[in-house]
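Visitor: I have a model open and would like to learn how to read it. Where do we start?

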Protein chains: 2
Amino acid sequence: MKMSEGVEWALHTCVNLSWTDPGEAVPAARLAEVFALPTAYLAKHLQALARAGVLISTTGPRGGFRLARDPGDITLLDVVTAIEGPEDAFRCRQILKDGPGGRPDVDYRRTCTVSQAMRRAELAWRAELAGQTIADIRRTVEQRDPAAAPATREALR
Amino acid sequence: MKMSEGVEWALHTCVNLSWTDPGEAVPAARLAEVFALPTAYLAKHLQALARAGVLISTTGPRGGFRLARDPGDITLLDVVTAIEGPEDAFRCRQILKDGPGGRPDVDYRRTCTVSQAMRRAELAWRAELAGQTIADIRRTVEQRDPAAAPATREALR
DNA sequence: GTACGGTTACTCGGATACCGCATGTCCGAGTTGATGTGG
DNA sequence: CCACATCAACTCGGACATGCGGTATCCGAGTAACCGTAC
């Protein structure tokens, strides 16, 4: 079970975008340059964020990506879901259907005890992610390293 | 982010083993037969469980797998970790090292705010998994479907 | 000075290769139980 | 009847193929800014 590397890129990039002028878009190439990431591949993930409504993309000169809404309204879960997709990590294949006493007409994704236990764990994970926003991350970073915000803003100029 | 299908197999198989005579080992072929699973591939996962100390394997006639300890002492986290490995799903690549003001001598896996937030979510997930045991699953199943235990015991005879 | 049309450069977007890991399978090593024999 | 050596069958264990999704890249479509020209 490995989460896509793009999640890390996306989260850091969203924090970086929260430090820029909200009206101004930043090209993917500039955003990738900050962390020395492969431009095209980062762009692919940013496109996913745009499809999910987290970012807004603009083409042409002075175009690029910008946050679609206030950083306080973008949760970590929003970003993770945009990159990883909405499906759970644990996917019940309903093997109980082939087990002793298994019924073909029962949806074991809902009734199977194992499936429920795994789902409960994932809900706890999602709840933790939904409880923090990009603004929270930004605030913590600013408290720990006051130089981060200006330095990033400069790098994205 | 997709969890190995083997986790589902392993969890159900552990519950099934908890219904058998603790002293008796069950061959992988028999365990696979219950859910119509590919024998060799299930065996591969059971070997991982044995390496992790969840199961005990015995070779030769009358051999097979059996639980290494009381079902109440086997948490879901034990099983998941045995199959998926000990690493977190989110793995901090420390891209901050290449960012503005990044220092090569800092371990960003510990200090990066994004990494910490993701880690906090995974800890919540692990805590939920560690809070439930194979015995808990078994008890719930027995309450919901009293016929399950005898039927499985018969299938593993 | 201003409005406007053409041009240019810039950016995203999706289509296209590549690679590593999960999936799936197979045969050999080791062990246990059974069996037959001799005492 | 019992002990023991041999045999045979059974089981795990790791080594060997295969497919799919994450990784990485590229080129084309579309757009906005710029510039020159005409009024």
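Guide: We take the symmetry, then the DNA strands, then a pair of helices. Keep in mind that this is a predicted model.

Visitor: How are chain A and chain B related?

Guide: The general idea comes in one line. Two copies of a chain are related by a rotation about an axis and a shift along it. Here, a turn of 180° with a shift of 0.0 Å along the axis lays chain A on chain B. The RMSD of that superposition is 0.0 Å. The two copies are therefore related as by a two-fold rotation axis.

Visitor: Which C-alpha of chain A is nearest the axis?

Guide: That of W125(A), at 2.5 Å from the axis. Remember W125(A); the helix contacts bring it back.

Visitor: Through which surface do the copies meet?

Guide: Compare the interface residues. Of those in chain A, 100% are also interface residues in chain B, so the copies meet through the same surface.

Visitor: On to the DNA. How many residues surround DNA strand C, and which are the closest?

Guide: There are 25 residues around DNA strand C. The closest are Q47(A), S57(A) and F65(A) from one chain, with S4(B) and Y41(B) from the other.

Visitor: What part of the DNA strand C atoms within 4 Å of the protein is sugar and phosphate?

Guide: Sugar and phosphate account for 67% of those atoms.

Visitor: Which polar contacts should I look at on DNA strand C?

Guide: Start with S4(B). An N or O atom in its side chain is 2.6 Å from a phosphate oxygen of the strand. Then take E5(B), where a polar backbone atom is 3.1 Å from a phosphate oxygen. On chain A, go to G60(A): a backbone N or O atom lies 3.2 Å from a sugar or linking oxygen.

Visitor: Which elements give two or more residues to the surface near DNA strand C?

Guide: From chain A, helix 3 (39-51), strand 1 (55-58) and strand 2 (64-67). From chain B, helix 1 (5-18) and helix 3 (39-51). By class, that surface near DNA strand C has nine nonpolar, ten polar and six charged residues.

Visitor: And DNA strand D: which residues are the closest there?

Guide: S4(A), Y41(A), Q47(B), S57(B) and F65(B), among 25 residues that surround the strand. Of the DNA strand D atoms within 4 Å of the protein, 65% belong to sugar or phosphate, and bases supply the rest.

Visitor: Which polar contacts does DNA strand D show?

Guide: Among them is Y41(A), with a polar side-chain atom 2.9 Å from a phosphate oxygen. T59(A) has a side-chain N or O atom 3.4 Å from a sugar or linking oxygen. G60(B) has a backbone N or O atom 3.3 Å from a sugar or linking oxygen. Chain A gives two or more residues to this surface from helix 1 (5-18) and from helix 3. Chain B does so from helix 3, strand 1 (55-58) and strand 2 (64-67).

Visitor: Last topic, helix packing. At what angle do helix 4 and helix 6 of chain A cross?

Guide: Read the distance and the angle together. The axes of helix 4 (residues 76-84) and helix 6 (residues 113-130) come within 6 Å and cross at roughly 120°. Helix 4 of chain A is therefore oblique to helix 6 of chain A.

Visitor: Which residues meet there?

Guide: Helix 4 of chain A brings L76(A), L77(A), V80(A) and T81(A). Helix 6 of chain A brings W125(A), R126(A), L129(A) and A130(A). By class, this contact has six nonpolar, one polar and one charged residues.

Visitor: What is the crossing in chain B?

Guide: Helix 4 and helix 6 of chain B have axes that come within 6 Å and cross at roughly 120°.

Terms used. Residues numbered from 1 in each chain as written. Chains lettered and ligands numbered in written order. Predicted model: local features only at pLDDT ≥ 70, side-chain atom pairs only at ≥ 80, totals over all residues. Heavy atoms only, no water. Least-squares fit on C-alpha atoms with pLDDT ≥ 70 in both. Contact = heavy atoms within 4.5 Å. Near = heavy atom within 4 Å. Polar contact = N/O pair within 3.5 Å; in protein donor to acceptor, adjacent residues only side chain to side chain. Helix = DSSP H or I, 4+ residues; strand = E, 2+ residues; numbered from the N terminus. Nonpolar A, V, L, I, M, F, W, Y, C, P; charged D, E, K, R; others polar. Axes fitted to C-alpha atoms, helices over the stretch in contact; angles between N-to-C directions. Parallel < 35°, antiparallel > 145°, perpendicular 65-115°, else oblique.
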